[in-house]
Amino acid sequence: PWIQTNPADAGRYITAASVIIEDPDLGRNVGTYRCQVKTGQRIGVNAEIGQHAWSFLMRVKKREQKRVPAAVVMGADPLIFALSTSKIAGLGEDELQIAGGLRGRPVELVKCETSDIMVPAHAEIVLEGEIAVNQMEEEGPYGETYGYMGLKKDSNFFMDIKAVTFRDQPWVSNSFAGITKLTMGIPQLVTNNRNYRRVIPNLVEFFRPTETNGVVLASIRKRLPGDGMLAGQHIAAGDIFGKVIVVVDDDVDVHDRSQVMRALGTRWQPHPASTILPQTRGMPLDPSAPTRWLTSKIIIDATRQLPGEGGPDKWPEVSRVLLEKLSPDTFDLVGQRWPDYFRNWQR
């Protein structure tokens, strides 16, 4: 049921599935990794360095095992898939247990036909097999989420299929990276907001706009000089996607690009409210990065700068806020009469 999304891709890809691997010490990992359909009996498994599946497979290799059982689950319920695509679970924490906790009842599981791995009982398709860790093979190229073609990888994991189980007329969804936004964007944002609130207590919202890979936005309740830059530094350290980190006040809606741009144009002074990081950890898929995994970053503090930060002694009031305060009925009145204003209008 999988198509070749991009004519330049190496082939067909499974991109919206959950790969399940187990470890005697860490337990179970349920994660979403792209899988290239290579033959009727083999798929690639793209577990990038540092991802949980990669850590599991490195432990297998250290034990000098040649292969490890795995399952690729398609069409699990949305809660399981959301957890599979996010980093809410830490290394060694079970996404299926978390799904049961969020739902209020355990996830119903069944044992695979060819291994002891347990998989969600109500999935649409399950591929069972073994992932090799003592040998690798080529994978890609593949159209990445940045909208550019990713390079072919000379060395990547693969899984030999031992069995396929499926429902009658299964429903399968896929994610078309490089052409449309990844379906896992929202679960990732939930994870980001959860994690950043631990280190940025005054965070209102963290947001990664769909159309601007590499640009991330955050709003904060600013209290003290340096709050905006400190929030930006935490985000720069934790977010490998963000090269341009823009921090705004809590009265700016980070989902409204016009409000963000207005804050940039009216509240931000490039000096001293900017910091450039010459080199730090970055997204390996970034086509502009000369060195994989490394990038430069800029933090833009577009909050109202306090006098102690080099800002003005007094900020003028916002015109719209004054309008709402001094003429509170205006917007409702215009809204009610809006159709009348254009009743006899002609182009």
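1. Tryptophan 338 counts as partly exposed, because its relative accessibility is 49% and the partly exposed class ends at 50%. The model is a predicted one, and the value is computed from it. Trp338 sits in helix α8, which spans residues 330-341.

2. Trp338 also belongs to a nonpolar patch on the surface, with an area of about 560 Å². The other contributors to this patch are Val334, Tyr341, Phe342 and Trp345.

3. Strand β6 covers residues 67-74 and is mostly covered, with six of its eight residues buried. Buried here stands for under 20% relative accessible area.

4. β6 has antiparallel pairings with β2 and with β9. Strand β2 (residues 18-23) is joined to β6 by four bridges, and the two run antiparallel. In this pairing, serine 18 lies opposite valine 73 of β6. Strand β9 (residues 125-132) is joined to β6 by eight bridges, again in antiparallel sense. Here methionine 74 faces isoleucine 125 of β9 as its opposite residue.

5. The largest pocket holds about 1,300 Å³ of space. Its lining consists of 46 residues, and those closest to the pocket centre are Gln51, Lys87, Gln188, Ile240 and Phe241. Elements that supply two or more lining residues are β3 (27-31), α2 (78-85), α4 (185-199) and α5 (227-238).

6. Which element gives the largest share of the lining of the largest pocket? Helix α4 does, with seven residues.

Terms used. Residues numbered from 1 in each chain as written. Predicted model: local features only at pLDDT ≥ 70, side-chain atom pairs only at ≥ 80, totals over all residues. Heavy atoms only, no water. Patch = residues over 30% accessible without salt bridge, like charges linked within 9 Å, V, L, I, M, F, W, Y side chains within 5 Å. Areas by Shrake-Rupley, 256 points an atom, 1.4 Å probe, with all protein chains shown as cover. Salt bridge = Lys/Arg side-chain N within 4 Å of Asp/Glu carboxyl O. Buried < 20%, exposed > 50% of the residue type's maximum accessible area, 1.4 Å probe, protein only. Pairing = 2+ DSSP bridges. 1 Å grid on protein atoms, 1.4 Å probe; cavity = no way out; pocket = protein on both sides within 12 Å on 5 of 7 lines; lining within 4 Å. Points joined across faces, edges and corners; volume = space filled by probe spheres on them.
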